[in-house]
Number of protein chains: 2
Amino acid sequence: MIKARVTVTLKNGVLDPQGKAIEGGLSALGFEGVDSVRQGKVFDLTVEGDDATMAEKSISKMCEKLLANTVIENYSVEIL
Amino acid sequence: MIKARVTVTLKNGVLDPQGKAIEGGLSALGFEGVDSVRQGKVFDLTVEGDDATMAEKSISKMCEKLLANTVIENYSVEIL
């Protein structure tokens, strides 16, 4: 079994209204000095097998096809 | 300026229908050997100041109050 974490974040320049809303919320709660918030997604996967290199390749394909929208998002795969 | 990454994940035992749907999607796309998928959230914050310890404390408070639902979610703060 291989555990991996995929992190998907918006590319620079892509507007993030959700992040902006969180910024507003933090400020409304009295938190000062928050300059920017950008929200992304994280996927914790468990895949069968023992070959970390193979798993990483396969997970990268999953990102390209389903987990990330590569037009507006970056992704990174980390084998744990 | 301090950059930090907050990762919010569901606690063990909490059902994750979104993760299950992604599992189904991956399997429908022909990806085999995916045992489980759990989805979480990531927040990239930029806060003012130079004191990483203070920033980490402040961001932990933000997590407790807004970013995470500590009943069902765990969070971790990483200063980048």
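Here is a short conversation about a predicted model with chains A and B.

Student: Happy to start with the sheet: in what order do the six strands stand?

Tutor: Good place to begin! The six strands make up an open sheet, and their pairing is antiparallel. Its edge strands are β3 (73-79) of chain A and β3 (73-79) of chain B, each of which pairs on one side only. From one strand to the next, the twist averages 25°. Read across, the order is β3(A)-β1(A)-β2(A)-β2(B)-β1(B)-β3(B).

Student: Over how many bridges do β1 and β3 of chain A pair?

Tutor: Let's look at that pair of strands. β1 of chain A covers residues 2-10, and its pairing with β3(A) is antiparallel. Within the pair, A:L10 stands opposite A:E73 of β3(A). The number of bridges between β1 and β3(A) is seven.

Student: Which strands does helix α2 of chain A touch?

Tutor: Helix α2 of chain A spans residues 52-67 and packs on the sheet, its direction making about 155° with that of β3(A). The strands it touches are β1, β2 (34-47) and β3 of chain A, plus β2 (34-47) of chain B.

Student: And at what angle to β3(B) does helix α2 of chain B run?

Tutor: Helix α2 (residues 52-67) of chain B lies across β1 (2-10), β2 and β3 of chain B, and also across β2 of chain A. Relative to β3(B), helix α2 of chain B runs at about 155°.

Student: Now a single residue: is B:T9 buried or exposed?

Tutor: B:T9 sits in strand β1 of chain B. Leaving out residues up to four places away in sequence, B:T9 touches residues of both chains, including A:R5, A:V42, B:G40 and B:I72. Its relative accessible area is 17%, and since the cut-off is under 20%, B:T9 counts as buried.

Student: How much area is buried between chain B and chain A?

Tutor: The contact draws 32 residues from chain B and 32 residues from chain A. Carbon and sulfur atoms give 66% of the buried area. The area itself is about 2700 Å².

Student: How many residue pairs are in polar contact across that interface, and which element of chain B gives the largest share of its side?

Tutor: The rule finds zero salt bridges across the interface of chain B and chain A, while the residue pairs in polar contact number ten. On the side of chain B that touches chain A, β1, α1 (17-28), β2 and α2 each supply at least two residues. The largest share, 14 residues, comes from β2(B).

Technical notes
Residues are numbered from 1 along each chain as its sequence is written. Chains are lettered from A and ligands numbered from 1 in the order in which they are written. This is a predicted model: local features need pLDDT of at least 70, side-chain atom pairs count only at pLDDT 80 or more; totals for chains, interfaces and linings use all residues. Side-chain values use heavy atoms; hydrogens and water are left out. Two strands pair if DSSP finds at least two bridges between them. Helices (H or I, at least four residues) and strands (E, at least two) are DSSP runs, numbered from the N terminus. Axes are lines fitted to C-alpha atoms, for helices over the stretch in contact, and angles run from 0 to 180 degrees between N-to-C directions. Contact means heavy atoms within 4.5 Å. Buried means under 20% relative accessible area, exposed over 50%, partly exposed in between (1.4 Å probe, protein chains only). Buried area is the accessible area (1.4 Å probe) that two parts lose on being put together, summed over both. A salt bridge is a side-chain nitrogen of Lys or Arg within 4 Å of a carboxyl oxygen of Asp or Glu. A polar contact is a pair of N or O atoms within 3.5 Å; within protein, one must be able to donate a hydrogen and the other to accept it, and residues adjacent in sequence count only if both atoms are side-chain atoms.
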